[in-house]
Amino acid sequence: MDLTIRIPRPDDWHVHLRDGAMLEAVVGYTANRFRYAMIMPNLSHPVATTELAEHYRQRILNAAGDQSAGFHPLMTLYCSSNLEQDDLLKGHETGIVKAVKYYPAGATTNSSQGGENILDFIELFETMADHGIPLLVHAESTNTEIDLFDREAAFLETELHPLCEQVPTLQVTVEHVSTSAGVDFVLEHSRVAASVTPHHLSRNKSDLLTPEFDPDLFCKPIINSEPDRQAIVDVVTSGNPSFFLGTDSAPHPTSEKYGEQAKAGIFNAAYGLEVVAEIFAKENKIENFSAFASTNGAAFYGYEPSEDELVLTRKQVEVELASTLSTSDGDQVVLFGIDEASHWTVSLP
Ligand code: DOR
Ligand code: ZN
């Protein structure tokens, strides 16, 4: 039997839209479905000032064109020694800047201007706490002596926990939570929430590494073990308000995914919602899908849910879907989640 669900138009609380030809090629996938989108600032030239954020926002809206109706990019600033507190406060007051994103230097794509230790920025974070500006954290240690699969837990213990103790009023999001340690951390800290990706909910490290390494599943933080995946699925499908959808959609051209060194990032803006809906349906928790995709994140960031509605239908018959997109520069990007999405139709009536 077909299953139909109606949810408030969802929000994507973590997305990379890139710039130029890639932005033009990918923005429609996000703008066509989502209401708010928290835009990551890790362009090759990081978005570190209010002016850069304002210009980037305009480029996003221009690229979305007709598809921008009902779609609102929310801008973030890149936390680095170049970030100026006065500029941040001005950007936040005028409504252009919604949050600050912290990257450990070297942890992922375009993170070289990130921090060595999150505690180095404690004065900035105290000011942000005073002004109600959320901190979004890529929580992954860059210590090469720590096993790759333990690096989220290590960062949380050695950097984020001390920060939360020292600035208890700071609103913090553990972005793309990838382990049971991350889930526990959120449950143990009252001002902390987590965004969760479709790929960390639906794949494990065996999918990534067997029968051979799959560059299309390579992202940071790395997709972790099956017990980690199950812990994330359990807390998310329970409807817990501290967990919400952030796709971490991060397109890279196939030339850079399949080259000498695969770039980290999975493009899931096209089918990520279907992948998540499939998880909730399989767990018999479809009644909590709306909380995860449409209301928990909005409540955490101080917004009402959308009054528009999105309708998802799961059909027994499979539909044929595109598996790649092309940019005007001739690049190809692989679309994640085609198997799940082939069972679903999604519309904004
Ligand atoms: O896999 C990832 N890709 N993780 C990130 O944190 C950044 C992203 C990107 O920008 O490609
Ligand atoms: Zn990201």
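A donor, in the sense used here for a zinc ion, is an N, O or S atom within 2.8 Å of the metal. In this predicted model, the protein donors of the zinc ion (ligand 2) are supplied by H14, H16 and D248. A second site holds ligand 1, which sits in the largest cavity. The points below take up the zinc ion, then ligand 1, and then some features of the backbone.

**The zinc ion (ligand 2)**

- The donor atoms are NE2 of H14, NE2 of H16 and OD of D248, and they lie 2.0 Å from the zinc ion.
- Along the chain, these donors are arranged with the spacing H-x1-H-x231-D.
- Distant parts of the chain are linked in this way, since H14 and D248 are 234 residues apart.
- H14 belongs to strand 2, which covers residues 12–15.
- D248, by contrast, is found in the loop between strand 9 (243–245) and helix 10 (254–257).
- Water is not among the atoms, so the site may look incomplete.

**The surroundings of ligand 1**

- There are 14 residues around ligand 1, and those that come nearest are R18, N42, K220, H252 and A264.
- Sorted by class, the shell around ligand 1 consists of eight polar, three nonpolar and three charged residues.
- The cavity in which ligand 1 sits is the largest one.

**Polar contacts of ligand 1**

- An N or O atom in the side chain of T108 lies 3.2 Å from a nitrogen atom of ligand 1.
- The neighbouring entry in this list is T109, which has a polar side-chain atom 3.0 Å from an oxygen atom of ligand 1.
- A264 takes part through its backbone: one of its polar backbone atoms is 3.0 Å from a nitrogen atom of ligand 1.
- On its own, ligand 1 has 290 Å² of accessible area, and the protein covers 100% of this area.

**Features of the backbone**

- The peptide bond that leads from T210 to P211 is cis, and its omega is near 0°.
- P211 is located in the loop between helix 8 (205–209) and helix 9 (226–237).
- K220 and P221 are also joined by a cis peptide bond, for which omega is about -10°.
- P221 likewise lies in the loop between helix 8 and helix 9.
- K220 thus appears in two settings, as a partner in this cis bond and among the residues that come nearest to ligand 1.
- D248 is a residue other than glycine with a positive phi, near 55°.
- D248 also provides a donor of the zinc ion through OD, from its place in the loop between strand 9 and helix 10.

Terms used. Residues are numbered from 1 along each chain as its sequence is written. Chains are lettered from A and ligands numbered from 1 in the order in which they are written. This is a predicted model: local features need pLDDT of at least 70, side-chain atom pairs count only at pLDDT 80 or more; totals for chains, interfaces and linings use all residues. Side-chain values use heavy atoms; hydrogens and water are left out. A residue is near a molecule or strand if one of its heavy atoms lies within 4 Å of it. A polar contact is a pair of N or O atoms within 3.5 Å; within protein, one must be able to donate a hydrogen and the other to accept it, and residues adjacent in sequence count only if both atoms are side-chain atoms. Accessible areas come from the Shrake-Rupley method with a 1.4 Å probe; for residues, only the protein chains shown count as cover. On a 1 Å grid over the protein atoms alone, a cavity is a set of points where a 1.4 Å probe fits but cannot get out, and a pocket is an open set with protein on both sides within 12 Å along at least five of seven lines; lining residues have an atom within 4 Å of a point. A molecule sits in a cavity or pocket if more than half of its atoms lie within 2 Å of its grid points. Ala, Val, Leu, Ile, Met, Phe, Trp, Tyr, Cys and Pro count as nonpolar, Asp, Glu, Lys and Arg as charged, and the others, Gly among them, as polar. Donors are N, O and S atoms within 2.8 Å of the metal (3.2 Å for Na, K and Ca); water is not among the atoms, so sites may look incomplete. Helices (H or I, at least four residues) and strands (E, at least two) are DSSP runs, numbered from the N terminus.
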